Amino acid sequence: MEHLVQHAVTTIRERFWEPLSLDELARSAMVSKYYFLRVFTRVTGVTPGRFLCAVRLQEAKRLLLSTSLTVTDIAVRVGYSSTGSFTRRFTELVGVSPTHYRKLSLETPGEPREPAPAPPAPAPVRCAGTVTGILDTEHRVLTPVRVGAFDTPVLQGTPASWSHVCSPGRFTLARVPEGTWYIHAVAQARGGTTGTAPAALTATAGPVAVRGDTVHRLDITLCPPDWTRPPILSALMDLAPQPTAA
């Protein structure tokens with residue numbers, strides 16, 4: 001039934017600013033909403049609502065970097081009726097406010113971009129483990145690769161532990177708090193031809209259950225994301241966004 005999910009994902013990407021509901025997406029697929037929800041979540045790893053939210057905020061990120069629209073105008077364009085709700089959601093899932101994210105496009109051309117702020121130092125945890133493993137890819141990678149432990153299969157918010165590593169190579173995430181985590185890795189592939197923009201490479205492993213002073217070893221292969229993958233939201237893991245013409 002993947003074709004039903006692919007049709008729904010296309011609908012979300014093409015009509016994200018509309019108040020798309022679970023009932024409407026299920027009706028368009030001509031199945032019950034409970035069956036649709038189960039199949040969509042199995043194929044993409046997230047619910048339709050979370051996928052829709054990720055697509056909306058990804059478009060908001062693009063508009064913040066490439067246009068002079070106000071935050072209020074952008075909120076309306078991506079389907080939010082309240083600027084306050086949009087700003088809270090953006091800050092929670094991207095990790096910085098819309099205004100701060102826009103600053104990424106305002107620096108002098110040719111100068112290094114201001115990096116997304118690192119997450120605050122974590123509070124001491126009594127029980128923490130380590131997640132380590134090998135990163136690999138069939139593509140030529142622009143280093144560093146960003147690896148982090150997140151509490152969701154969507155790459156959003158700030159990680160509980162993160163590091164910059166090279167690929168191929170070993171990564172280690174130390175002091176991962178006790179809990180269930182998804183390990184996300186993000187990199188850029190070198191363009192195949194001169195002038196070709198770098199392409200995103202991603203990988204996700206999990207869920208990984210960390211219990212006390214344990215060590216988990218994973219093998220992760222970076223590859224271009226397919227249609228089932230929600231957009232990258234986390235500013236910390238973002239790929240040095242570049243503004244484009246409005």
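Helices (H or I, at least four residues) and strands (E, at least two) are DSSP runs, numbered from the N terminus. This is a predicted model: local features need pLDDT of at least 70, side-chain atom pairs count only at pLDDT 80 or more, and totals for chains, interfaces and linings use all residues. Residues are numbered from 1 along each chain as its sequence is written, and side-chain values use heavy atoms, with hydrogens and water left out.

**View 1. Phe 86 and Phe 90 pair within helix 6.** Both residues belong to helix 6 (residues 83-94). They sit four residues apart, about one turn of the helix. The whole structure holds six aromatic pairs (rings of Phe, Tyr and Trp, the last by its six-membered ring, with centres within 6.5 Å; planes under 30 degrees apart are stacked, over 60 edge-to-face, the rest tilted). Here the ring centres of Phe 86 and Phe 90 are 5.8 Å apart and the planes meet at 55°, so the pair is tilted. Phe 86 is buried (under 20% relative accessible area; exposed is over 50%, partly exposed in between; 1.4 Å probe, protein chains only), because its relative accessibility is 0%. Phe 90 is buried too, also at 0%.

**View 2. Phe 90 meets Tyr 101 edge-to-face.** The centres of Phe 90 and Tyr 101 lie 6.0 Å apart, with 70° between the planes. This pair links distant parts of the chain: Phe 90 is in helix 6 and Tyr 101 in helix 7 (residues 98-102), 11 residues apart. Tyr 101 has a relative accessible area of 1%, so it counts as buried.

**View 3. Four rings form a cluster.** Ring pairs join Tyr 80, Phe 86, Phe 90 and Tyr 101. Arg 56 lies over the face of Tyr 80, 6.0 Å from the ring centre (the test: NZ of Lys or CZ of Arg within 6 Å of the centre and within 35 degrees of the ring normal).

**View 4. Helix 1 packs against helix 3.** Helix 1 (residues 2-14) and helix 3 (residues 33-44) have axes 9 Å apart, at an angle of about 85°. Helix 1 is therefore roughly perpendicular to helix 3 (65 to 115 degrees). Helix 1 brings Glu 2, Val 5, Ala 8, Val 9 and Ile 12 to the contact (heavy atoms within 4.5 Å). Helix 3 brings Phe 36, Val 39, Phe 40, Val 43 and Thr 44.

**View 5. Residues 108-123 have pLDDT under 50.** The pLDDT is the predictor's confidence in each residue, from 0 to 100. Residues 108-123 have 22 contacts beyond four places in sequence in the model. Where pLDDT is low, the predicted coordinates should not be read in detail.

Methods:
Axes fitted to C-alpha atoms, helices over the stretch in contact; angles between N-to-C directions. Parallel < 35°, antiparallel > 145°, perpendicular 65-115°, else oblique.
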